[in-house]
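Subject: Structure handover

Hello,

Here is the structure I said I would pass on. My notes on what I found in it follow below.

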Amino acid sequence: MSWNKEKEKQGMDNFWMGFIPAFILPFILNILIFKSKYTTEKPLFEAMYNFSKTGYMGKDVLTSTMLSFVLLFIFNRLKKERASAGAFVGTIPYIIITFWLM
């Protein structure tokens with residue numbers, strides 16, 4: 001297999017194709033979990049900040065991070081190495097936040 005055919009075979013394997021969804025989806029899912037689980041009259045991010053001080057938000061952030069792991073394994077299964085690396089890098093901040101909040 002020549003170099004050109006190998007490049008055509010990979011198709012759309014891009015770092016940003018994995019990074020952007022893996023970074024944005026947990027944030028959106030965390031907001032949805034918070035809105036469905038807790039009721040508050042404060043603004044959303046202020047309420048999330050106050051709940052994060054109590055230690056309840058760590059499990060919710062961990063739950064929302066699972067979607068990024070699923071994305072990582074899908075890209076890995078499809079043999080998209082760069083997208084898989086992007087999904088891994090996009091997941092790391094949420095893992096750090098999860099351990100910080102717990």
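Which residues do ring pairs link into a cluster? They are F15, W16, F19, F23 and Y94. Please keep in mind that this is a predicted model.

First, the overall picture. The protein has five helices and zero strands, so that the order of elements from the N terminus reads α-α-α-α-α. Of its 102 residues, 32% are buried. Among contacts with a separation of 6 or more, 69% are between residues 24 or more positions apart. The exposed area is about 7,300 Å², and 67% of it comes from carbon and sulfur atoms.

Now the rings. With ring centres required to lie within 6.5 Å, the count is six aromatic pairs. One of the pairs is F15 with F19: the ring centres are 5.8 Å apart and the planes are at 15 degrees, which is under the 30 degrees cut-off, so this pair counts as stacked. Another stacked pair is F19 with F23, at 5.5 Å centre to centre and 15 degrees between the planes. F19 therefore takes part in both of these pairs.

The spacing along the chain goes with this. F15 and F19 both belong to helix α2 (residues 15-37) and sit four residues apart, about one turn of the helix. F19 and F23 are also four residues apart in α2, so about one helical turn separates them.

Are F15 and F23 buried or exposed? Neither: F15 has 28% relative accessibility and F23 has 35%, and because both values fall between the 20% and 50% limits, each residue counts as partly exposed.

Last, the packing of α2 against helix α5 (residues 81-101). The two axes come within 6 Å and cross at roughly 30 degrees. That angle is under 35 degrees, so α2 and α5 count as roughly parallel to each other. The crossing of α2 past α5 is right-handed.

Which residues meet between these helices? On the α2 side they are F15, M17, G18, F19, A22, F23, P26 and F27. On the α5 side they are R82, A83, A85, G86, A87, V89, G90, T91, P93 and Y94. Four members of the ring cluster, F15, F19, F23 and Y94, thus appear in this contact list as well.

Regards

Methods: Residues numbered from 1 in each chain as written. Predicted model: local features only at pLDDT ≥ 70, side-chain atom pairs only at ≥ 80, totals over all residues. Heavy atoms only, no water. Phe/Tyr/Trp six-rings, centres within 6.5 Å; stacked < 30°, edge-to-face > 60°. Helix = DSSP H or I, 4+ residues; strand = E, 2+ residues; numbered from the N terminus. Buried < 20%, exposed > 50% of the residue type's maximum accessible area, 1.4 Å probe, protein only. Contact = heavy atoms within 4.5 Å. Areas by Shrake-Rupley, 256 points an atom, 1.4 Å probe, with all protein chains shown as cover. Axes fitted to C-alpha atoms, helices over the stretch in contact; angles between N-to-C directions. Parallel < 35°, antiparallel > 145°, perpendicular 65-115°, else oblique. Left-handed = near helix turned anticlockwise from the far one by under 90°.
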